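Let's take a relaxed walk through this structure. We'll look at where chains meet, and then at a few charged side chains and a helix.

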Number of protein chains: 4
Amino acid sequence: MAMVCLSDFEAYAKKYLPKIAWDYFAAGADDCTTRDENILAYKRIRFRPRMLRDVSVTDIRTKILGTEISFPVGIAPTGFHQLAWPDGEKSTARAARAMNTCYIASTYSTCTLEEISSAAPGGLRWFQLYIHRNRAASQQLVQRAEALGFQGLVLTADLPYTGKRRDDVRNGFCLPPHMKVKNLEWAFEVCKISLLDPSITWNDIYWLQSLTHLPIIIKGILTREDAELAVRHGVQGIIVSNHGGRQLDEGPATIDALVEVVEAVRGRVEVYVDGGIRKGSDVLKALALGAKCVFIGRPALWGLAYKGEEGLQDVLRILQDEFRLSMALAGCASVSEIGQHLVQFSKL
Amino acid sequence: MAMVCLSDFEAYAKKYLPKIAWDYFAAGADDCTTRDENILAYKRIRFRPRMLRDVSVTDIRTKILGTEISFPVGIAPTGFHQLAWPDGEKSTARAARAMNTCYIASTYSTCTLEEISSAAPGGLRWFQLYIHRNRAASQQLVQRAEALGFQGLVLTADLPYTGKRRDDVRNGFCLPPHMKVKNLEWAFEVCKISLLDPSITWNDIYWLQSLTHLPIIIKGILTREDAELAVRHGVQGIIVSNHGGRQLDEGPATIDALVEVVEAVRGRVEVYVDGGIRKGSDVLKALALGAKCVFIGRPALWGLAYKGEEGLQDVLRILQDEFRLSMALAGCASVSEIGQHLVQFSKL
Amino acid sequence: MAMVCLSDFEAYAKKYLPKIAWDYFAAGADDCTTRDENILAYKRIRFRPRMLRDVSVTDIRTKILGTEISFPVGIAPTGFHQLAWPDGEKSTARAARAMNTCYIASTYSTCTLEEISSAAPGGLRWFQLYIHRNRAASQQLVQRAEALGFQGLVLTADLPYTGKRRDDVRNGFCLPPHMKVKNLEWAFEVCKISLLDPSITWNDIYWLQSLTHLPIIIKGILTREDAELAVRHGVQGIIVSNHGGRQLDEGPATIDALVEVVEAVRGRVEVYVDGGIRKGSDVLKALALGAKCVFIGRPALWGLAYKGEEGLQDVLRILQDEFRLSMALAGCASVSEIGQHLVQFSKL
Amino acid sequence: MAMVCLSDFEAYAKKYLPKIAWDYFAAGADDCTTRDENILAYKRIRFRPRMLRDVSVTDIRTKILGTEISFPVGIAPTGFHQLAWPDGEKSTARAARAMNTCYIASTYSTCTLEEISSAAPGGLRWFQLYIHRNRAASQQLVQRAEALGFQGLVLTADLPYTGKRRDDVRNGFCLPPHMKVKNLEWAFEVCKISLLDPSITWNDIYWLQSLTHLPIIIKGILTREDAELAVRHGVQGIIVSNHGGRQLDEGPATIDALVEVVEAVRGRVEVYVDGGIRKGSDVLKALALGAKCVFIGRPALWGLAYKGEEGLQDVLRILQDEFRLSMALAGCASVSEIGQHLVQFSKL
């Protein structure tokens, strides 16, 4: 079967992954409304394509926090890549480097930060942090990441507790015994993630800033009020995210929330978005609405499930080709020409 | 099969209840549009969750008419609990007391008020009243309830006649001979409920007030005009309800009507809502829109059908856990932090 | 099978009528969008029911053009009743008289006006007219109707040509040889209805007024502009109709057009509506939006197909009971209490 | 099977064409959202039909760029007609001439311009141009077309690159070896259409004007901004088109874009529309919203697939009959009476 679009990878992963792993990656909270809305919301946005603009040369490169990437799509932090492919996050790191884009490694990786770093030296990577009750453990993780050359610290803000994902409850989801959350294995067992600290507040941003020189990106912001607070607390970037619909069900689709956040931020920090990206034209829409870059979660896992590093590169390459094509068909020769004039919200 | 969410109980009840009983509980009037809209309307409300607020300690207790309950979900009045479980309303009363919440016992109970009271002494209970043509019978019921320690009187306002529930007509629905509407058995036969008085008006509130010291809660209000009348006639509470969609089909979903009623009432009396609550996040939405507490009807019956008192406790516990989790994920540490800023109506 | 609601009669008719007859009655123009919209549009209207109003006595009688009918539902003009039941329009006339309501007999009846009249002497009947190229034939029909005691003349305005009903084209629809359009058999063959006059204009109202003392009701008006013209040309009533969706597809649903027409007419003439009435609550909605009475088309044919006169009475009785019940549940004791405050348009 | 409406031809073509050909004609870009929206958007437009206007004589003729056609429906440029019928574009040309309407022959014809011309001498034809990197080739084509009596030059503006049509990728779509893009066979192979020039801009309109005296019509405009540019660059006509949804997916439906373009153009040039026309009433809607004429793409191919020239005439005749009928049922006796007052956008 030819792999033509991201849905082909999804179908492959659904067919070949063990049910418990597929269910874990696919899971949304409660009725999965927000998970599905993330995708549907993109379909309600219409392009206003412009014609007869010279698009013979197209430049899809962009920069995030000053570093150039080959196109505005990075890898969102997701856990447990070994569930998708034996080499786990090492493959992810290699694919991201090969495609010259950014990979946000999760606290819940099944490889250590050191393994990830040495798998793809020189790649652009950020580290995603969950703050644990044991603050020393978190501090140690941040400092390891910085020492290893990770270039950004992504604080996940939307998981004081884990959302209710019915299939995981039914399946009694748990990592298989031969996999470990290696960065934390001395600290906790994955099936008891109550060690996450639900007491964290905006003041903990200051604590993080005291630990590291890395730029801090906050992930999970969905409202103008929180966007304003993020800017005021000195973060360098915001990822508009609802955790792939896995936390509070029936919050806004991220592409809808992006509009509100971008408006509030008024260019003071970079804004990114994840959730629901399935086509190159989705990337174009997100950029038109003010995102500097998007991050993909589940599609990266489908790519891994298909063929590891190579499969993830396939996924990224398809998105890249589709993004370039839709940018050109909309009349833009470079990322800098993308703007809000390119889109309108459908009334339906 | 694991009972993970309320739909699991619904599926169980549909599978194991006799068809005539399932149909009776499930029935909506006419095309069942309003019954289904009660649920769909919740899905059109989106959260605006706030991040990084200390939710390490969450307090989900609330008070209704001055009495504390463990969380803002009570048991709505529904008839004929013996159709769901042999012990009928006695089990309901025990489960409500065990979960420390309020149970509104129906005039159409298959246990007497005395049986209900002695099954769970000390539980918080209100009594739901239908006014019959024989006013003396109604007066006697009210006074029995007050004497037994019921703490509120709920007057159902939306049943001057019974709605047209097609399946009940087709099934020729009737209580099995060994069940009785025990509170009224001297007064009427259930299949001839034309003894209800369709002439009652707002002035009958004054008559009720003359009979009892209990606070009066009026159930079935859907418009600002009637909410204003209710306040002016001195009720203590309003339950926004469309009788589970069993009376006038194609009226508003209760969560939509709640907004209008809360606005009209301006805090002068407590407002509650029933209909369509299927998840803890629905409770959060109702509270965000101004309800003091919600009441569940069919889900309580599914719980009874599953395992009587224990099954109903399971249902309540799931709702409680889900409510606590969604409250925390929305950034609220206690019920008092829930407000309208948490929600917005989807344009779809 | 119990006949509980109008859909039961529809299912019966679909099952037992010859396909060619069912298809003819069911047909809509082109994609049948308007036929189906007539029904769907009712579902977008929500009641605002009022509580605790004395509805112990309900009065559902109304008057149309000064004549009392038992409830605000009459029989719309439809052709070829012998396709549904051997006695054809004679049964229709008897059922309408038995239920004390108005029957609009069609030019395309399979019984003569004389047969209709003598089948149910004293019944309230209007005569529906198509104007033919042979004006003398039309004049003769009008004058026969007046002489036979018909009390209104309904001019159909929306059929200069017959709409394109695909199934009828496929079926090669034609009356069976033993049936005749008896009122016109000397004038034309049914399968060649091109004898209708597509040149008629508003001035032909004056011509009709010169022929008869009967009040003239115009059927097929869908816009405020035409409503204004109708009033100015001195008609006594307007039936908002799209011919059951059988003429121009993708015009407005009649209940939506009713609002615009009622607003334009400002009470100067009576306004009625047909199309999409399937429940008593639909009647209540139409009256709330300003209709004086509604007329049913296909449901009357289903009743005939079920059991002739008796089946049509069943249909009318169900509508009557449902109308009375929904009126009471909405808080109205009589037709005069029904008003626009009872409804709102859903935003969905 | 009777061919009653255009869907019948679609069903026939789907059944009898080779899959690869059907897929090619049916293809839309990416998720095919825009392809399908083109049709759905028509269904959201409602007529406001007017009654009692003399429609005994109807005149459906119109003029495009000064030349009379029998009714406002022409043949849009589509490629590779031999995939549908052995005689290919020669049949198309004959059918268009027989029906006295305009045929826009595609650069990607499988017959030469000379063959097309001599197949139907005297027919009204425009030539659709893709500009190739080899400008001399394009110049030669334009001048051949002008010399052969083509009366308009249609520049396609929306194909700097070919859209991503998943089925074509999966099928490895390619013309069968015995077919050729005859007008260009010396210049390129069809499966490598990268010879199209993605650098063209508005200034190339001036270049085209320098090559030919033919009026220039620009095809693929979807925004007011580009409509304004088109007028300023001196084109004689605009075809509002999204290439049948085959280029940038999730742009506007053409009938929606038409409104914006017509408003911007303010009558300075003629505006046409293609995409989604399936019924005569769609033509009426497009004209009501300001189109001078519509063009059909896929339905013409279905007609060819059915019976070549004769099948295409059938398709055109059905559209003609339906257009005439819906025009009359809406109360218009001629094309000049069609205006915006006839339609409104449904809120749904």
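What follows covers two interfaces, some salt bridges and one helix.

This is a predicted model, in which local features need pLDDT of at least 70, side-chain atom pairs count only at pLDDT 80 or more, and totals for chains, interfaces and linings use all residues. Residues are numbered from 1 along each chain as its sequence is written, chains are lettered from A and ligands numbered from 1 in the order in which they are written, and side-chain values use heavy atoms, leaving out hydrogens and water.

**Where chain D meets chain A**

Start with contact, meaning heavy atoms within 4.5 Å. Chain D puts 38 residues into this one, and chain A puts in 30 residues. Together they bury about 2,900 Å², 58% of it on carbon and sulfur atoms; buried area here is the accessible area (1.4 Å probe) that two parts lose on being put together, summed over both.

There are ten salt bridges across this interface, a salt bridge being a side-chain nitrogen of Lys or Arg within 4 Å of a carboxyl oxygen of Asp or Glu. On chain D's side, the elements giving two or more residues are α3 (33–43), α7 (166–171), β8 (216–221) and α9 (224–232). Helices (H or I, at least four residues) and strands (E, at least two) are DSSP runs, numbered from the N terminus. The most comes from α9(D), with four residues.

**Where chain A meets chain B**

Here chain A supplies 38 residues and chain B supplies 30 residues. The buried area is about 2,900 Å², with 58% from carbon and sulfur atoms. Ten salt bridges cross this interface too. Salt bridges with shared partners also tie Asp31(A), Arg166(A), Asp249(A), Glu250(A), Lys43(B), Lys279(B) and Lys285(B) into one network.

**Some salt bridges up close**

Over all chains, the count comes to 112 salt bridges. Here are some of them.

| Pair | Closest N to O distance |
|---|---|
| Glu322(A) and Lys164(D) | 2.7 Å |
| Asp31(A) and Lys279(B) | 2.9 Å |
| Glu37(A) and Arg44(A) | 2.9 Å |
| Glu228(C) and Arg268(C) | 2.8 Å |
| Arg44(D) and Glu37(D) | 2.9 Å |

How accessible are these side chains? Buried means under 20% relative accessible area, exposed over 50%, and partly exposed in between (1.4 Å probe, protein chains only). Glu37(A) is buried at 11%, and Arg44(A) is buried at 16%. In chain D, both Arg44(D) and Glu37(D) are buried.

Over in chain C, Glu228(C) and Arg268(C) form a salt bridge. Glu228(C) sits in helix α9 (residues 224–232) and Arg268(C) in the loop between α10 (254–265) and β10 (270–274), so this pair links distant parts of the chain, 40 residues apart. Arg268(C) is partly exposed, with a relative accessible area of 37%.

**A charge without a salt bridge**

Asp168(D) lies in helix α7 of chain D. What is the nearest side chain of opposite charge to Asp168(D)? That is Arg165(D), 4.7 Å away, and Asp168(D) is buried yet has no salt bridge. For charge, Lys and Arg count as positive and Asp and Glu as negative, while His and the chain ends are not counted. Leaving out residues up to four places away in sequence, Asp168(D) touches Asp23(D), Tyr24(D), Ala27(D) and Phe173(D).

**An enclosed helix**

Why is helix α11 (residues 280–288) of chain B largely enclosed by the rest of the structure? Because nine of its nine residues are buried. Among them are Gly280(B), Leu284(B) and Lys285(B). After α11(B) comes Gly290(B), whose phi is positive, near 115°.
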